[in-house]
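Okay, thanks for having me, everyone. Let me put the structure up, and then I'll walk you through some pieces of it.

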Amino acid sequence: MKNNIRSNQVISPFGIGQIVNFPGEQSYMICGLNLWDNVLKTKKATGTNIDETEFTINEPRLQRLLDVQYFRKPFPYKNTGYANKLLEIPGVRFPQWHHCTNTRCGAMRKIELTQSDSPRCEKCARGNKMYKMIPVRFIAACSRGHIQDIPFKEWVHNGPVPHDDKDHDLFYHAGSGSGDLGSITIKCSCGAYKTLGGIMNVSKNSEGRIYNSSLAAIGLNEEEKNKINHDNPNNSNSIGQYCKGSRPWLGPEQMKGGCGEHLHVLIRGGSNIHYSDIISSLYLPEFDGETNPIVGKIIEEIGLEHITQFYYQTEDHSVLRAILQARTEVKNNFITEDSAFDEIERIIIDPRNSNSDKEINSEQELRFQEYKYILEERKSENSDFKSIVNCFESYDSRDFLDEYFENVVLIEKLKETRVFRSFARIEPGLRINSSELSAEHVTWLPANQVYGEGIFLKFNEKRLSDWLAKEFSENDYPLITRYFENVKTPNPRHELGLTPAFVMMHTFAHLLIKRLCFNCGYGSSSLRERIYFSNNEETKMNGILIYTSSGDSEGSLGGLVRQGRKQYLGSLIKEAIADAEWCSADPVCSDIGQSGGQGPNNVNGSACHNCCLVPETSCEEFNMLLDRGLVIGTRKYSGYFR
């Protein structure tokens, strides 16, 4: 693929299966992992020097959780250097239907997925002058993640294409009217024609299940259409158009697999075509705080798992000693071989000296490790995690901060690994199985690592539990009930319990992000949240991390940590709470939020774009489970800060 996007964007928003619209009306889909491997194999076969260590990432905790051997950065394109030259992320052209840009022609043609040159119209060519063809604006997808071209011929003919001696060539004509679907007409050379009006229509029952769609109803007369309802779904119309199970991101041979789900017609550049499913973790050193920083660096670069294998490879541990002898740190006398070996042996023999747990069975366990680690002060300059834990004795507004929080952790350095593990279409929660990211078995997933800084706030647990006990019984906060009833695939972290405390913490995190952007000048998408919440007594968590995680210098300029210092934090939090008092959409935002809810599936309370919503790249919950009423209070209950 010769068009350029930043390598970090191949994780999100342009992950595998996503359509990327490039300048010049070119449309590509990012290919699956086996085709990435094929790029490397092809380059090796043609003599290009490939050094995979340049884009290999090791993050042991995530590797164990996702059951992969390693992660790989999307390889950047470069034309200089000794190794990894001219590597390209593979892509296929999608959608395949294109139409002529000559408005008096409009001829349509399906191109090959692998076509490299820009298609030209041959029907209206005059000598060497040929008009460019561009991809159509619409595609069809199903909730299982499959995607295909719209069956335009069947739509125009209201059924199968007639078997006669005509060519049945299609022509695309966009009228000069309002620009809606009814103004776009598809014509066939046989004389049949039809507008695209109504092609996006789908019918759902009260549970959100589709029982009819415009493409599935092709060929039905009005009487037959009137009989369709949620008790009599249209799932087997013999000439209707249902999903064919197409997975173009895996290449031409994977275009059909059988599915039968109803198709949604979507706009090619729409945000609901692709939702990246990203799982991330903060870097935690695989050694304890007493370990010599030089030894810690050796462990980080080699990996504790590999070092352990070298240690046990021979009885006299000669393999590990040979590796240590070859290290620059030992050769330059920064540390002796014996000292390095003794430190490493101490960590290997006693697992309590290691921060690497053997088993991680859920994202919640992963996050609990981080929570415990954040609350322990780490000041090593040689680590990718450096933090300072502060209580509020010397802080301005000490009484206010002590009432609502236990401490603040200023994280001056952090490293985050973000892994693309799946994606969803139509709705964010309905993600595909990760095995569908590749047509062949692979032992890795795409990822990137970014660096930044952050502020962590631990809420006052006594204040929090007293507030919940006073204001809420088991069933008097309907927002959580609506969430589990209406969201088809809730966040797995919420399966162990969700209380109004989480909604309050999540909303406060959004208010803090918006206030920090205003005070510090960060771009609205430069800050992210990480909510540490658990109602389980064994893994209880009540904290939020607001952090920068950017590939450029904006992630490490110190502006965010500065806002967590003693002269700024109190006023920052007070300003964020004051922002919740009034929304420019009030009283509508407040009233609707406290009655039936608002937002997709009504899973937000008093929260809208004017007061609480942030860019979806900044939010872990796709801007759901928000209610500023829990921060400042409503007529029904008091807020945490009121």
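Let's start with helix H14, where 17 of the 21 residues are buried, so the helix is largely enclosed by the rest of the structure. Buried here means under 20% relative accessible area, exposed means over 50%, and partly exposed is in between, using a 1.4 Å probe and protein chains only. H14 covers residues 500-520, and from its first C-alpha to its last it reaches 30 Å, close to the 30 Å expected at 1.5 Å a residue. That expected span is 1.5 Å times one less than the number of residues. Just after H14 comes glycine 521, with a positive phi of about 85°.

Quick bit of housekeeping. This is a predicted model, so local features need pLDDT of at least 70 and side-chain atom pairs count only at pLDDT 80 or more, while totals for chains, interfaces and linings use all residues. Residues are numbered from 1 along each chain as its sequence is written, and side-chain values use heavy atoms, with hydrogens and water left out. As for names, helices (H or I, at least four residues) and strands (E, at least two) are DSSP runs, numbered from the N terminus.

Next up, helix H10, residues 363-374. H10 has 12 residues and reaches 17 Å from first C-alpha to last, close to the 16 Å expected at 1.5 Å a residue. How many of its 12 residues are buried? The count is 10, so to speak of H10 as mostly covered is fair. Among the buried ones are Leu366, Arg367, Phe368 and Tyr371.

One residue in H10 I'd like you to look at is glutamate 370. Is glutamate 370 buried or exposed? It's buried, with a relative accessible area of 0%. Leaving out residues up to four places away in sequence, glutamate 370 touches Arg61, Ser281, Leu282, Leu284, Arg530 and Tyr532. Contact, by the way, means heavy atoms within 4.5 Å.

Now put that beside aspartate 165, which is in the loop between helix H3 (152-157) and S11. Aspartate 165 is exposed, with a relative accessible area of 74%. Its C-alpha is separated by 53 Å from that of lysine 73, and those two residues are 92 apart along the chain.

Okay, two helices together. Helix H6 (residues 304-313) packs with helix H9 (residues 337-349) at an angle of about 100°, and the axes are 11 Å apart. That makes H6 roughly perpendicular to H9. The cut-offs are under 35 degrees for roughly parallel, over 145 for roughly antiparallel, 65 to 115 for roughly perpendicular, and oblique for the rest. The axes are lines fitted to C-alpha atoms, for helices over the stretch in contact, and angles run from 0 to 180 degrees between N-to-C directions. On the H6 side we have Leu304, Ile307, Thr308, Tyr311 and Tyr312, and they meet H9 residues including Phe341, Ile344 and Glu345. The residues of this contact divide into 9 nonpolar, 1 polar and 1 charged. Ala, Val, Leu, Ile, Met, Phe, Trp, Tyr, Cys and Pro count as nonpolar, Asp, Glu, Lys and Arg as charged, and the others, Gly among them, as polar.

On to strands. Two strands pair if DSSP finds at least two bridges between them. There's an open sheet of 3 strands in the order S11-S12-S13, with antiparallel pairing. Strand S11 (170-174) and strand S13 (193-195) are the edges, each pairing on one side only. The twist averages 20° from one strand to the next. S11 and strand S12 (residues 184-188) are joined by 5 bridges, and alanine 174 stands opposite isoleucine 184 in S12.

Now for strand S9 (residues 138-141), covered on both faces: Phe138 and Ala140 are buried on one side, Ile139 and Ala141 on the other. In a regular strand, side chains alternate between the two faces of the sheet. S9 pairs antiparallel with strand S16 (residues 264-267) over 4 bridges, and with strand S10 (residues 147-148) over 2 bridges, also antiparallel. Alanine 141 stands opposite histidine 264 in S16 and opposite isoleucine 147 in S10. The hairpin of S9 and S10 has 5 residues between the strands, and glycine 145 there takes a positive phi near 100°.

Last one: strand S6 (residues 97-100). Both faces of S6 are covered too, with Trp97 and His99 buried on one side and His98 and Cys100 on the other. S6 pairs antiparallel with strand S7 (residues 108-110) over 3 bridges, where tryptophan 97 stands opposite lysine 110.

That's my tour, thanks!
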